[in-house]
Amino acid sequence: MAKKTVPLPQPSTAPFIGNLADIDMDYPTGSMLHLAKKYGAIYKLSLAGQDLVIISNWDLVNEVCDDSRFKKSIKGDLEELQTAVHDGLFTARGDEENWGVAHRVLMSAFGPLSIKNMFDEMHEVASQLALKWARQGPSEAIDIGEDLTRLTLDTVALCSMGFRFNSYYRQDLHPFIKAMYAVLVEAGQRGMRFLPGFFYHSEDRKFLENIKLLRTTARQVIDARKLSKGGDNRRDLLTAMMEGVDAQTGRKMTDESIIDNLITFLVAGHETTAATFQFTMYNLLKHAECYRKVQEEIDTVIGTGSITLEHIPKLKYLAAVLRETLRLNAPITIFAREPIKDEIVGGKYLIKAGTQIGCFLSKSQSDPKVWGPDADEFNPERMLDENFDRIQKEFPHSWSPFGTGMRGCIGRQFAWQELLLAFAVLLQNFNFVMDNPSYTLQVTQALTVKPKDLYVRAIPRDGLTPSQLEARLAGSFRDNAKTRAAKIAPVGNGKPQVDSGKKIAIYYGSNAGTCEYMAQRLASDAAEHGFTASVDTLDVAKEAVPVGVPVVIIISSYEGQPPQNASHFVNWMESLSNDELKDVKYAVWGCGHSDWAKTYHRVPQLVDTSFEKLGAKRIAPIGTTDAKDRDMFSDFEVWEDETLWPAITNEFGGNENGQSSPASLQVSFSAPRVSHLRQDVKEALVVNAKCLTKANVGGEKRHIEIQLPGGWSYIAGDYLAVLPHNPKQTVARAMRRFHLAWDSHVSIQASTVTTLPTGGSLPVSEVLSSYVELSQAATKRNLSTLIELAKDAQIKAKLEHLAADDFDHEVRAKKLSILDLLEQFPSLLIPFQHFLSMLPPMRVRQYSISSSNLAQPGRVTLTYGVLDVPAYSGVGRHVGVASSYLSTLQAGDKIQVAMRNAAGGFHLPLEVDKTSIICIAAGTGLAPFRAFIQERAILQSSGQKLAPALLFNGCRDPEDDDLYRDEFDAWEDAGVVTVFRAFSRRTDASAGCKYVQDRLWLEREEVVKLWNKEARIYVCGSTKLAESVKEVLVRIIQEESEKSGQPVTEEEAAEWFEKHRNERFATDVFD
């Protein structure tokens, strides 16, 4: 009876392209992982007209590895690579005669004895890499992806054919390598084509040109070997291919077959090994315990002498680490099989003969059925020989990074020896730390997957110089006791002896940056005490804790664990047991959070007590702080000043007063946008910022205090100009509209004068934030530009209407910006450079200064309202550029400002004792009058007499936004001013007056009295306020004329007012 089958799960398909849209072409493995989670252990994809079945558990992979039912499949990438290497070992179907001959000839060439004979050349290339890293220095951020790729490529070329790419002696890549990568990339892309071939003419031409270069280079290698006429006694793979005879057929390999396989060795033999190197390095750096065990094994097996072939099979734990890496991070994530005939897989899924099946190692090698509940965790112990052999026997094909059966990787032993040897060389001679300790694994994918943007630092062990390392690698350097004592202190595996003198070594362990900042702060203070400081992560001090100098460790705990950049050090420290740290003199500062009571300060205390147990001398008691309720930086400064430096001075000498040594650091800062925008602003320092209103008030009013640049002064009534940044939410809108990532950079070139930054690269967000006005209302010219760029007829027509009849009430009245318009028309696509070119440059905003220069010379205060209201268009919010920027500033921030003189006589009278003033304001229009009254109060306190002053101030509620009420009450009590208020929402508290003009009319007798004494009137506020005040004053003029028996009309009163306004009437109007 036939087995009942069920359809294969499959995502929905699209016409022509099938499931191509389900695959991220930059990282297909990620898409397949997602689909495996969604559809289970087996699913089908239709890609470019072909079906692909993906299986991702051990049971299914084991089933399709049955060579009696399934065979290797070369559809896709491998099929495309046949154009370059025909029936080479990697790309042949398996039934070609050439493949059979080559396979049998090369099996012996890749035998154990042959691989062992390649040891010296492998060691030579690994030594080149080690020397390069030593010469770059311990602070260099190393792109290990590039360097390890050069290692594996040079190794396979030298060992297999005696060819030297010399990758470490040239900046650019050899043309062969560039062509090889181009062929690999194009082979992958060709398999996903779905358009007719003539669309890819250019790509096909380049593909064939690169293949020609590969084959020509390989031909030259063969010809050179033939010309040697026996003079070259190399017994390598090339020799085996040229001279070997297939015992089964009696044939030799043809030149074309040799070329095919030379290229195959270079492609397959370097890419997968390089990726494995990188993943292994990542795993070791992320797992400090495993790293330490590998290094301890190397130190035990090899010591500090030369590495020999006999050492390699003894590196059992390193081998387990490599196996575990290949399990979790197989560089080839899929190997392909296909049924020889129609097959039922998994007991219920019918797969037709010839259908490609992808064995998805990224999932199948993490099957809990085989590896247990911690299958996704990195645990090399499970890969030690005995357990590994048991698992392989019990669960065949559960670990298959080298493929399966006869078509498995023929160069497996070559790669294994290369990996073990190179890691032994590197970890014997270097300690590694991540350049970015918080790096999270990211991958890139071509033929293989491998880490992306992984940078490390290589720190020589034992204090080795590059020349000493070179001698050690050559077997001529001996670490005898005399030499060793001169170079390193007698600690552990050797630590550098820091030169004597006033030096201090500061190390930090920090995830969030707090301890790093404290370390930098301590280092900057060291010069004042006569010390030169070095600062680095604590992991750098592994096996290298200095002696003869004070060592300060600043570290935190994270749920009882060390920070990422201190984990290797702490793990190493915990492995010590004797007096390995004798002669070290140290102090520890710890940060923690007491909400984690069980592990509070665990790591700082562990370091402090462990150092003492290991023979180090504590020079100061441990200091700690609590992030929960303490000012951590203040606590640190107290410990530094009162405990640490006195202890260091007592032990090592130095400057007790902390004043005799000049600062060792000279820095300069630039403000490039100032020159680009051609603004005359300078940097000033924010010293205070606060909110003046309660939360339930409609518009927030704020106060900010700024220390001006040296030498600046001002007069009460002047303005401070501020160069702001666009609100972050507005910048985010622009980034979103153009689909830009926040870390995108832009380089700008301009053929005409521009205020945009040119000649370099800047983050796009910085350009949008700092250099252009994003909220400026669009102009008709802007609309004309958008019309020209619009392709859609309907959009073009709407824009033309906006640019004509609707411009005033739809664009200008609603203050629609270019960005607003682009958001209204999301399908309108314009190049980003056109958008930038339409935007005006960022400009300064002026604010009335609300302080007197007499109060605190060189400091100004600003009083401002934060603009954040519904947009005039009815969509979104209208956010003030400058006010929102100012509202984000706090004490310690820098701000770019310029001073502007007040216009129109908006200053206090020169004779404050003779000329009265009447000040009228609403809201933050109070700002200049605070400056006026503050100055009058200072003058009064200095003994000067004052003419009377009246202040009319309008606001909403006496409890919510009566700004600076305490100050004005005090000044009023002192006789400096008389204040009349109008509360729009509490008229009962302001004599029934709702607005300031109402109060002005109510108190008109006081106004007239002062006016008749030559008082000056000042108005600060909106245009509406100024007009309302004018109307009241005209009414007062009419009333007073009536009283005098000389009545005037409203027009005559207004005319008289305008005639005298420039003499005694000053306004500062803003909208």
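Biologist: At what angle do helix H6 and helix H18 pack in this predicted model?
Modeller: Helices here are DSSP runs (H or I, at least four residues), numbered from the N terminus. Axes are lines fitted to C-alpha atoms over the stretch in contact, and angles run from 0 to 180 degrees between N-to-C directions. The axes of H6 (residues 119-136) and H18 (residues 466-473) lie 9 Å apart, at an angle of about 170°. Because angles over 145 degrees count as roughly antiparallel, that makes H6 to H18 roughly antiparallel.

Biologist: Which residues of H18 does H6 meet?
Modeller: Contact means heavy atoms within 4.5 Å. From H6, the residues are His123, Ser127, Ala130, Leu131, Ala134 and Arg135. Their partners in H18 are Pro466, Leu469, Glu470 and Leu473.

Biologist: Is Cys409 buried or exposed?
Modeller: UniProt, in an unreviewed entry, places the feature "binding site" at Cys409; such annotations may be inferred rather than shown by experiment. Cys409 sits in the loop between helix H16 (385-394) and helix H17 (412-429). Buried means under 20% relative accessible area and exposed over 50%, with partly exposed in between (1.4 Å probe, protein chains only). At 40% relative accessibility, Cys409 therefore counts as partly exposed.

Biologist: What limits apply to the model?
Modeller: Residues are numbered from 1 along each chain as its sequence is written, and side-chain values use heavy atoms, with hydrogens and water left out. Totals for chains, interfaces and linings use all residues, whereas local features need pLDDT of at least 70 and side-chain atom pairs count only at pLDDT 80 or more.

Key: Helices (H or I, at least four residues) and strands (E, at least two) are DSSP runs, numbered from the N terminus. Angles under 35 degrees count as roughly parallel, over 145 as roughly antiparallel, 65 to 115 as roughly perpendicular and the rest as oblique.
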